[in-house]
Amino acid sequence: MPECEICGREVSEVFEINVEGAQMLVCEADARGKEVVRRYGSEEERRQPKAQEMYEKPGEEEIIDNYGEEIRKAREKLGLPLKVLGEMIAEKESTLLRIEEQKTLPSEKTRLKLEKELGIKLTDRVSGKKTFVSSKKNEPVTLWDIAKEENEKKEQGE
Ligand SMILES: [Zn+2]
């Protein structure tokens, strides 16, 4: 429960008042007769959907699902034994085998070397995903939080 900045009482409804240019969050009694800028958080409002932001995640490079198969196909096309490829990119034959069998993911360095030597692309750009974010993890964002954040911003002169 938010507390009134004047009397310290816990209140379900908060009023943002303007006191000589400074914003304060106070209870209804203390807001009386003052310049009320906004009113927050009646129980009704607080039960409303959380204030969440939708944002478009930029596309990211992701390793393709069948990377092992792609490596093997490209390698066989070039007639390169695993051992030789391993020597070319300074990787252990056993490591490459594990990658081809998709038992392990190549490190970025190895992936780049494989892509270069084999002339293949092992990543795919995944399209932007819409993700829900909340400013606090797993906590519902209440109107009180928003009011407080806005107040903090004001205090920092933003
Ligand atoms: Zn009060």
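**Exercise 1. Locate Q102 and describe its backbone and its exposure.**

Solution. Q102 is found in the loop between α5 and α6 (108-118). Helices (H or I, at least four residues) and strands (E, at least two) are DSSP runs, numbered from the N terminus. Residues are numbered from 1 along each chain as its sequence is written. The model is predicted: local features need pLDDT of at least 70, side-chain atom pairs count only at pLDDT 80 or more, and totals for chains, interfaces and linings use all residues.

Step 1. The phi of Q102 is near 60°, a positive value in a residue other than glycine.

Step 2. A residue is buried if 20 or more other C-beta atoms lie within 10 Å of its own, exposed if 12 or fewer, and partly exposed in between, with C-beta atoms placed from the backbone. Q102 has 14 C-beta neighbours inside 10 Å and therefore counts as partly exposed.

**Exercise 2. Determine whether A90 is buried or exposed, and state where it lies.**

Solution. Step 1. A90 belongs to the loop between α4 and α5.

Step 2. Although A90 is not a glycine, its phi is positive, at about 55°.

Step 3. A90 is exposed, because 9 other C-beta atoms lie within 10 Å.

**Exercise 3. Describe the packing of α4 and α5.**

Solution. Step 1. Two packed helices are described by the angle between their axes and the distance between the axes. Axes are lines fitted to C-alpha atoms, for helices over the stretch in contact, and angles run from 0 to 180 degrees between N-to-C directions.

Step 2. Helix α4 (residues 82-89) and helix α5 (residues 93-100) pack at about 110°, and their axes are 8 Å apart.

Step 3. Angles under 35 degrees count as roughly parallel, over 145 as roughly antiparallel, 65 to 115 as roughly perpendicular and the rest as oblique. Helices α4 and α5 are therefore roughly perpendicular to each other.

Step 4. Residues are in contact if their C-beta atoms, placed from the backbone, lie within 7 Å. On α4, L82, K83, L85 and G86 meet E93, L96 and L97 of α5. The residues of this contact comprise 4 nonpolar, 1 polar and 2 charged; Ala, Val, Leu, Ile, Met, Phe, Trp, Tyr, Cys and Pro count as nonpolar, Asp, Glu, Lys and Arg as charged, and the others, Gly among them, as polar.

**Exercise 4. Identify the buried residues of α5 and what they pack against.**

Solution. Step 1. The buried residues of α5 are L96, I99 and E100. They cover an arc of only 95° around the axis, which puts them on the same side of α5; the arc is that of the directions from the helix axis to the C-beta atoms.

Step 2. These buried residues of α5 pack against α3 (67-77) and α4.

**Exercise 5. Place V36 within its sheet.**

Solution. Step 1. V36 is part of strand β3 (residues 35-40).

Step 2. An open sheet is formed by 3 strands in the order β2-β1-β3, with antiparallel pairing. Its edge strands, β2 (22-26) and β3, each pair on one side only. The twist averages 25° from one strand to the next.

Step 3. Two strands pair if DSSP finds at least two bridges between them. Strand β1 (residues 14-19) and β3 run antiparallel and are joined by 5 bridges. The bridge partner of N18 in β3 is E35.

Step 4. Leaving aside neighbours within four places in sequence, V36 is in contact with F15, E16, I17 and A31. V36 counts as partly exposed, with 14 C-beta neighbours inside 10 Å.

Technical notes: Contact = placed C-beta atoms within 7 Å.
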